[in-house]
Amino acid sequence: MTTYQKYLDFGLKYGIPLAVLLATLSMKKAKGLGNLAVFALVTPAMLGYLYSLKRAKAILQENSDQ
């Protein structure tokens, strides 16, 4: 099993649910402008994480085709 496969498996099994859970908890704790600040920090981080999972999946598919 390659590093990309391990990363993808972990990300799909634990990473995404954990990120959503932590983002939800941090949004509940923040009030007012803090809520907006948390949203502004968490959203790009989650999108970057999802993009890296998508890239790992593409690399795995590319290597399996060859």
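In this predicted model, the axes of helix α1 (residues 3-29) and helix α2 (residues 33-65) come within 10 Å of each other and cross at roughly 170°. That angle makes α1 roughly antiparallel to α2, since anything over 145 degrees falls in that class. As for its hand, the crossing of α1 and α2 is left-handed. Sorted by class, the residues in the contact of α1 with α2 come out as 18 nonpolar, six polar and one charged.

These two helices are the whole count for the protein chain, which has zero strands. The radius of gyration of the chain is 15 Å, well over the 11 Å that the globule rule gives for 66 residues, so the chain is more spread out than a compact globule. The C-alpha trace tells its side of this in plain dimensions: along the principal axes of the chain, the trace spans about 50 × 15 × 10 Å. As for burial, 15% of the 66 residues count as buried.

Next come the aromatic side chains, where the count comes to two aromatic pairs. One of them is formed by Y7 and Y49, and its geometry is edge-to-face, with 6.3 Å from centre to centre and 85° between the planes. This pair links distant parts of the chain, with Y7 sitting in helix α1 and Y49 in helix α2, 42 residues apart. Y7 has a relative accessible area of 31%, so Y7 is partly exposed, the range for that label being from 20% to 50%.

F10 and Y14 also form an aromatic pair, this one tilted, with centres 5.4 Å apart and 45° between the planes. Here both partners lie in helix α1, four residues apart, or about one turn of the helix. F10 counts as partly exposed because its relative accessibility is 47%. Y14, with a relative accessible area of 44%, is partly exposed too.

A few individual positions help to fill in the picture, starting with Y4. This tyrosine is found in helix α1, and at 41% relative accessibility Y4 counts as partly exposed. Y4 and I59 are 55 residues apart in sequence, yet their C-alpha atoms are 7.8 Å apart in space. With I59 falling within residues 33-65, the stretch of helix α2, this is a spot where the two helices can be followed side by side in the model, given that α1 is roughly antiparallel to α2.

L21 is also found in helix α1. Its relative accessible area is 48%, so L21 is partly exposed. Between L21 and Q5, which are 16 residues apart along the chain, the C-alpha separation is 24 Å. Q5 falls within residues 3-29, the stretch of helix α1.

Over on the other helix, L41 lies in α2. With a relative accessible area of 66%, L41 is exposed, as the cut-off for that label is over 50%. L41 and A23 are 18 residues apart along the chain, and their C-alpha atoms are separated by 9.8 Å. A23 falls within residues 3-29, that is, in helix α1.

Note on methods. Residues numbered from 1 in each chain as written. Predicted model: local features only at pLDDT ≥ 70, side-chain atom pairs only at ≥ 80, totals over all residues. Heavy atoms only, no water. Axes fitted to C-alpha atoms, helices over the stretch in contact; angles between N-to-C directions. Parallel < 35°, antiparallel > 145°, perpendicular 65-115°, else oblique. Left-handed = near helix turned anticlockwise from the far one by under 90°. Nonpolar A, V, L, I, M, F, W, Y, C, P; charged D, E, K, R; others polar. Phe/Tyr/Trp six-rings, centres within 6.5 Å; stacked < 30°, edge-to-face > 60°. Buried < 20%, exposed > 50% of the residue type's maximum accessible area, 1.4 Å probe, protein only. Rg over C-alpha atoms; globule rule 2.2 N^0.38 Å.
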